[in-house]
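Here's a quick briefing to read with the model open beside you. It covers charge pairs, one arginine and a pocket.

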Amino acid sequence: MQEILTSFLNIAQDPGPHLMQWKSRNLKKIVACVPMHFPEEIIHAAGLLPVITWESPEPFSIAYAHVPSFFCGVVRSVVDMAIRDKLDFLDGLVLPDTCLMVRGIKNIIHWNYRCAFQYHLYLPPVLKGNADSLFLRNALDRFKKSLEQFV
């Protein structure tokens, strides 16, 4: 049991090498997304591996030059990892517009990090009626079509 838990801990602390091995072994693409209420099932259904990006245990270095210090650790970490090429194993990155901080890094990521697929997905924060549901459905359909074109 200890060996299995140690293996999981090693992967969680530095998932990049493990994901590179997975990618070469399975011959599939990896698309990451910033967390919080993201429909990762759509990425999985496209035959891709969805990966949720979390805060890295490494200290931030370059991120402070690009985002304010009051941005959450996850957002600062994604910026830092992207600019330092720590996400080079990814084929794609999706930024769901779930908060002002994620919205604030869209252009920073676009201009400083290149991968084959980048998508900015707006998810309405509240579904109160038919118009909200229709908006969400259309947004998810556009996202699905963009993934279809990518694969």
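Which side chain meets that of Asp97 in a salt bridge? It's Arg103, with N and O 3.0 Å apart. Keep in mind that this is a predicted model. The structure holds five salt bridges, and the bullets below go through some of them before turning to Arg76 and the largest pocket.

**Asp97 and Arg103**
- The two partners sit in unlike surroundings: Asp97 is buried, at 7% relative accessibility, while Arg103 is partly exposed, at 40%.
- Asp97 gets the buried label because its 7% falls under the 20% cut-off.

**Salt bridges in helix α6**
- Arg137 pairs with Asp141 in a salt bridge, and their closest N and O atoms are 3.3 Å apart.
- Both of these residues belong to helix α6 (residues 130-150), where a spacing of four residues puts them about one turn apart.
- Arg137 is exposed at 52% relative accessibility, whereas Asp141 is partly exposed at 26%.
- Lys144 and Glu148 make another salt bridge, with 2.8 Å between the closest N and O atoms.
- Lys144 and Glu148 are also four residues apart in helix α6, so about one helical turn separates them.
- Lys144 comes out as partly exposed at 41% relative accessibility, and Glu148 is partly exposed too, with a relative accessible area of 45%.

**Arg76, buried without a salt bridge**
- Arg76 lies in helix α4, which spans residues 73-83.
- Arg76 is buried but has no salt bridge.
- The nearest side chain of opposite charge is that of Glu55, 5.5 Å away; a salt bridge needs the atoms within 4 Å, so this pair doesn't count.
- What Arg76 does have is a backbone partner: a polar atom of its side chain lies 2.8 Å from the backbone oxygen of Phe71.
- Leaving out residues up to four places away in sequence, Arg76 touches Phe60, Ala63, Tyr64, Val67, Pro68, Ser69 and Phe71.
- Phe71 therefore turns up twice around Arg76, in the contact list and as the owner of that backbone oxygen, given that contact means heavy atoms within 4.5 Å.

**The largest pocket**
- The largest pocket holds about 410 Å³ of space.
- Its lining is made up of 24 residues, and those nearest the centre are Asp14, Pro15, Gly16, Met81 and Phe89.
- Elements giving two or more residues to that lining are α1 (2-13), α2 (15-26) and β2 (49-52).
- α2 gives the most, with five residues.

Note on methods
Residues numbered from 1 in each chain as written. Predicted model: local features only at pLDDT ≥ 70, side-chain atom pairs only at ≥ 80, totals over all residues. Heavy atoms only, no water. Buried < 20%, exposed > 50% of the residue type's maximum accessible area, 1.4 Å probe, protein only. Lys, Arg positive; Asp, Glu negative; His and termini not counted. Polar contact = N/O pair within 3.5 Å; in protein donor to acceptor, adjacent residues only side chain to side chain. 1 Å grid on protein atoms, 1.4 Å probe; cavity = no way out; pocket = protein on both sides within 12 Å on 5 of 7 lines; lining within 4 Å. Points joined across faces, edges and corners; volume = space filled by probe spheres on them.
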